Amino acid sequence: MSHADHDTARIHHDRYAPVTALRELALAAAAPAALRAAIRIGLPDELGDVPVPVADLANSLKVDAAVLDRLLRNLRCYGVFDATDHGVVHTPLSSVLREDHPQSLKHWVLWVTEPWTWELWPHLDEAVRNGGNGLFEQKYGAEFFSHLHRVWPESTEVFNRSQTELSRITSASIADALDLRAATTIADVGGGRGYNLSVLLERNPHLHGVLVDLPAAVAAPDPRLRPGGALAGRSRVLVADCLEEIPVEADVYLFKSILEWDDDRTVTALRNAAAAGRPGGRVLIVTNLVDDSPEIRYATGIDLLFLLNTNGRRHTRSGVTELVRRAGLRLDGVSEIRPLLHLVEGSIPG
C-alpha cells in the first residue's frame, strides 16, 4: 500500500471512528449479558488450566457448540477468555469468574446482571426527569430490599454472596487502614455474613465484635463467628435494621459499602449509630467516592444502578462529609484505603 493509500485509509478511519465507537457503546449491554450467560452455563468453572476445544466444552456443558462459539467470540473482544490452536483458555479476566479464584467476582457479576436490573435500566430517563423519586417503589409497590427478600429470595442469596466476595478482596486493606487499638468493641453495621468483621477480629485479638444486619443477611454467618467457631468467644450476631435502630453500644460503628441509599436514609442510619454510642465513639464509613474513584466507569455505573433500585447514590467527597455533619457527627477526616476505597471518619460529640 502506498503512502497515499495509507493516508486515505487513516482519514477514512478517523472520519468514521465516532460512528464505530457509538455503535459499540450502544450495544455494550451484550457484554454483561454474555458474562452472565457464561457464568450461568458454568463455563468459567468448567474450563481448567489447559486449552479445551469448543466442541468438547459444549459437550461437557450440554450447550450448543455453534452458539457457545459465538458467545466466546463476543467475550474475547473484552479480554474474557481467549482462543488458541488447541482450544479455549482462561485469561486474567475470565479467571476471576471462577468460584475458586481468590478474587472471584462470580456472584457480584450475577448480582449486577440479575433479571430485575434489565427491567430497571429502560426507566433511567424517568429517573432523570423526576430526580429518582422512588422509581422502584412506583414500579413494584415496595421498597427494594423488602421486595427482594419477599419476591426474589434467590437474588437475595446472590447479593449476600457478592458482598462476601467484595469483602475478600478489600478486608485486608481495611484492616491495615483502621487503627482499632484503643477500641474494645466494634459493631459492623450492615456487615452481611461477617467476613470483614472476622478479618478485623483476627487482626485485633483484644477486640470484641457485633455483626448487625437483617435476618436474611446473618442467617448463615461466617463460620468463624458461629457457635464453636474460632471467633465465637469474641463476637455475636445481632438481627436489626439500622434504619430503625442499632441496639448495641460499641466504641466503633463501621458502615462498609452500605450507606448508598438516598441521603435521608443515610443520615438516619448515622444518627442511629450516634444514638446508640457514647460521646467520643467513632463512626467509620468505608466507601468508594465517585469523584475520587480510580474506577470511574464502575463508580458512575453503579451510582446509576443505585438510583434505580434504592433511589440511592455513590457519594462524592463533599456529599458524604455533608451527610456526616447532618447526622450530628463530628467529621474527623477523609483518607484513602488503597487501592480502591476511602475512609470517612466521624465521632460522636460529647
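## Close-up views of a predicted model

**View 1. Strands E3 and E4 run side by side.** In this predicted model, strand E3 (residues 185-189) and strand E4 (residues 208-213) pair in the parallel sense, joined over 5 bridges. To find one of these partnerships, start at Ile186: its bridge partner in E4 is Gly209. Between the two strands comes helix H13 (residues 195-203), and E3, H13 and E4 together make a right-handed β-α-β unit. While you are looking at E3, notice how covered this strand is: 4 of its 5 residues are buried.

**View 2. Strand E3 also pairs with strand E6.** Here E3 meets strand E6 (residues 252-256), again in the parallel sense, over 4 bridges. Two residue pairs help you get your bearings. Ala187 stands opposite Tyr253 in E6, and Val189 has Phe255 of E6 as its bridge partner.

**View 3. Strand E6 is covered on both faces.** How many of the 5 residues of E6 are buried? The count is 5 of 5, so to speak a full house. On one side sit Val252, Leu254 and Lys256, and on the other Tyr253 and Phe255, all of them buried.

**View 4. Strand E6 leads on to strand E7.** E6 pairs with strand E7 (residues 282-287) in the parallel sense over 5 bridges. Tyr253 is a handy landmark here, with Val283 as its bridge partner in E7. Helix H15 belongs in this picture too: E6, H15 and E7 make a right-handed β-α-β unit.

**View 5. Helices H15 and H17 pack against each other.** Helix H15 (residues 263-276) and helix H17 (residues 317-326) pack at an angle of about 50°, and their axes are 9 Å apart. That angle makes H15 oblique to H17. The crossing in which H15 passes H17 is right-handed. Which residues of H15 meet H17? They are Asp263, Asp264, Thr266, Val267, Leu270 and Arg271, and in H17 they meet Leu323, Val324 and Arg326.

**View 6. Helix H2 has buried residues covered by other helices.** For the last view, turn to helix H2 (residues 30-40), whose buried residues are Ala31, Ala34, Arg36, Ala38 and Ile39. What covers these residues? Among the elements doing so are helix H3 (43-46), helix H5 (65-76), helix H7 (106-111) and helix H8 (115-120). Following H2 you will find Gly42, with a positive phi near 90°.

How values were computed
Residues numbered from 1 in each chain as written. Predicted model: local features only at pLDDT ≥ 70, side-chain atom pairs only at ≥ 80, totals over all residues. Heavy atoms only, no water. Buried < 20%, exposed > 50% of the residue type's maximum accessible area, 1.4 Å probe, protein only. Pairing = 2+ DSSP bridges. Right-handed = clockwise from strand over helix to strand, strands pointing away. Axes fitted to C-alpha atoms, helices over the stretch in contact; angles between N-to-C directions. Parallel < 35°, antiparallel > 145°, perpendicular 65-115°, else oblique. Left-handed = near helix turned anticlockwise from the far one by under 90°. Contact = heavy atoms within 4.5 Å.
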